[in-house]
Amino acid sequence: MTTVPPSAAPAPEPISPVQAAALRDGVLPPVEEVRPGIWTLAVPFRFGVPDATLVYVVEGSDGGLTLIDPGWTSDDGLVALREGLATIGRSLDDVGLVVVTHLHADHLGAAAAVRRASGARVAMHRLEVEALRRERADAVANDADIATWGVPPHLRAGVVEAWGSGRRIGLGRAAAPFADVLLEDGDGLPVAGRSIRTLLTSGHTEGHCCFVDEADGLLFTGDHVLPRINPGIGLGGRTATNPLGAYLASLGRLDAHQDLEVCPGHEYRFRDVVTRARTLARHREDRSRHVAEALDVLHEPTLYEVASRVPFSGGIESMTGFLLASALTQTAFHADLLGRADEVRPA
């Protein structure tokens, strides 16, 4: 999902009081009907993270079900899926399509298990499939980057394990074939009687997609826009272009969807995606300003030295492993977007 702390800006008000209360109390929210024939249910996180993936169940006119982001592949996750579907009088046998916003394990993880259980097809953007296919090569290539960052020696092994050759993008849970339906920007989802369109929103990962349901007034945003959290950037493998620039451009793509109810991958449903997107963009602008100020006062700094001047929550010195690697790569994205990457000295 993210490694970046919540923004200081006020969070949007929840549409669903029970989702907000569940988040506050650290429990799973109940199944809710969002629109006629569209429900949300929750699948628990792994590793004790006090949150859940929100799964959306969409019924087609033929009675078949589509799942948007089925959550983790853990036994607990599959139990939650089965129990949630039973609440609405359905089962995994009724699922004919699994649609995935992006390749992370808390969204894609259970897709293969659902496919095995029901024969459902899995749909995901082509770029996510390509990233999964080159996962090992990307992870090994990251080792060379890590060696230049100036990470203190006692922290380097943890960064390599989390971000370099030890890394598994989907925690090793994704199963080939990763998708049966390769989506492109603008594609309609094959859901009988419904018009749901794919909107490519790169940044969090390169092939991250939102899904637009104009008829029902819904926007499924995965991790692109969340109500309280600033999503991490560039968390889907190596890309030819700057993920930060792609993310800012993708936030702008939401302007046309101001009136839609936001159905995010975590936390709770809310309204006014444009205001939230602008808050997220301002957060990135603030980060760029801090990076620029660091480069103004430091002479040929390492990436770690630049990041040490950026006010990450708790400070860079408190970070290890994945959190540290994410903070450093995002610092590099900001320096590059400022046109000042050449001022950072390889360690």
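Visitor: What makes you say that H9 and H11 meet, and which residues are involved?

Guide: In this predicted model, Arg284, Arg287, Ser288, Val291 and Leu295 of H9 meet Gln330, Thr331, His334 and Ala335 of H11. Contact here means heavy atoms within 4.5 Å, so these residues count as meeting.

Visitor: What kinds of residues make up the contact of H9 with H11?

Guide: A mix: 3 nonpolar, 4 polar and 2 charged.

Visitor: And why is H9 called roughly perpendicular to H11?

Guide: Helix H9, residues 273–297, packs against H11 at an angle of about 80°, and their axes are 9 Å apart. Angles from 65 to 115 degrees count as roughly perpendicular, so H9 gets that label relative to H11.

Visitor: How do you know how H8 and H11 are oriented to each other?

Guide: By the same kind of reasoning. The axes of H8, which covers residues 243–252, and H11 cross at roughly 80° and come within 8 Å. That angle falls in the 65 to 115 range, so H8 and H11 are roughly perpendicular to each other.

Visitor: Which residues meet where H8 touches H11?

Guide: From H8 there are Pro243, Leu244, Gly245 and Leu248, and from H11 there are Phe333, His334 and Leu337. They divide into 5 nonpolar, 2 polar and no charged.

Visitor: What lines the second largest pocket?

Guide: It has 23 lining residues, with Asp145, Trp149, Thr329, Ala332 and Phe333 nearest its centre. The elements giving two or more residues to that lining are helix H6 (135–146) and helix H11 (321–337). H11 supplies the largest share, 5 residues.

Visitor: How roomy is that pocket, and what classes of residue line it?

Guide: The volume of the second largest pocket is about 570 Å³. Its lining has 10 nonpolar, 8 polar and 5 charged residues.

Visitor: Stepping back, how many helices and strands does the chain have, and why is it called as compact as a globular protein of its length?

Guide: There are 11 helices and 11 strands. The chain's radius of gyration is 20 Å, and the globule rule gives 20 Å for 347 residues; the two are close, so the chain is as compact as a globular protein of that length. Along its principal axes, the C-alpha trace spans about 65 × 40 × 40 Å.

Notes
Residues are numbered from 1 along each chain as its sequence is written. This is a predicted model: local features need pLDDT of at least 70, side-chain atom pairs count only at pLDDT 80 or more; totals for chains, interfaces and linings use all residues. Side-chain values use heavy atoms; hydrogens and water are left out. On a 1 Å grid over the protein atoms alone, a cavity is a set of points where a 1.4 Å probe fits but cannot get out, and a pocket is an open set with protein on both sides within 12 Å along at least five of seven lines; lining residues have an atom within 4 Å of a point. Grid points are joined across faces, edges and corners, and a volume is the space filled by probe spheres set on the points. Helices (H or I, at least four residues) and strands (E, at least two) are DSSP runs, numbered from the N terminus. Ala, Val, Leu, Ile, Met, Phe, Trp, Tyr, Cys and Pro count as nonpolar, Asp, Glu, Lys and Arg as charged, and the others, Gly among them, as polar. Axes are lines fitted to C-alpha atoms, for helices over the stretch in contact, and angles run from 0 to 180 degrees between N-to-C directions. Angles under 35 degrees count as roughly parallel, over 145 as roughly antiparallel, 65 to 115 as roughly perpendicular and the rest as oblique. The radius of gyration is taken over C-alpha atoms; the globule rule is 2.2 Å times the number of residues to the power 0.38.
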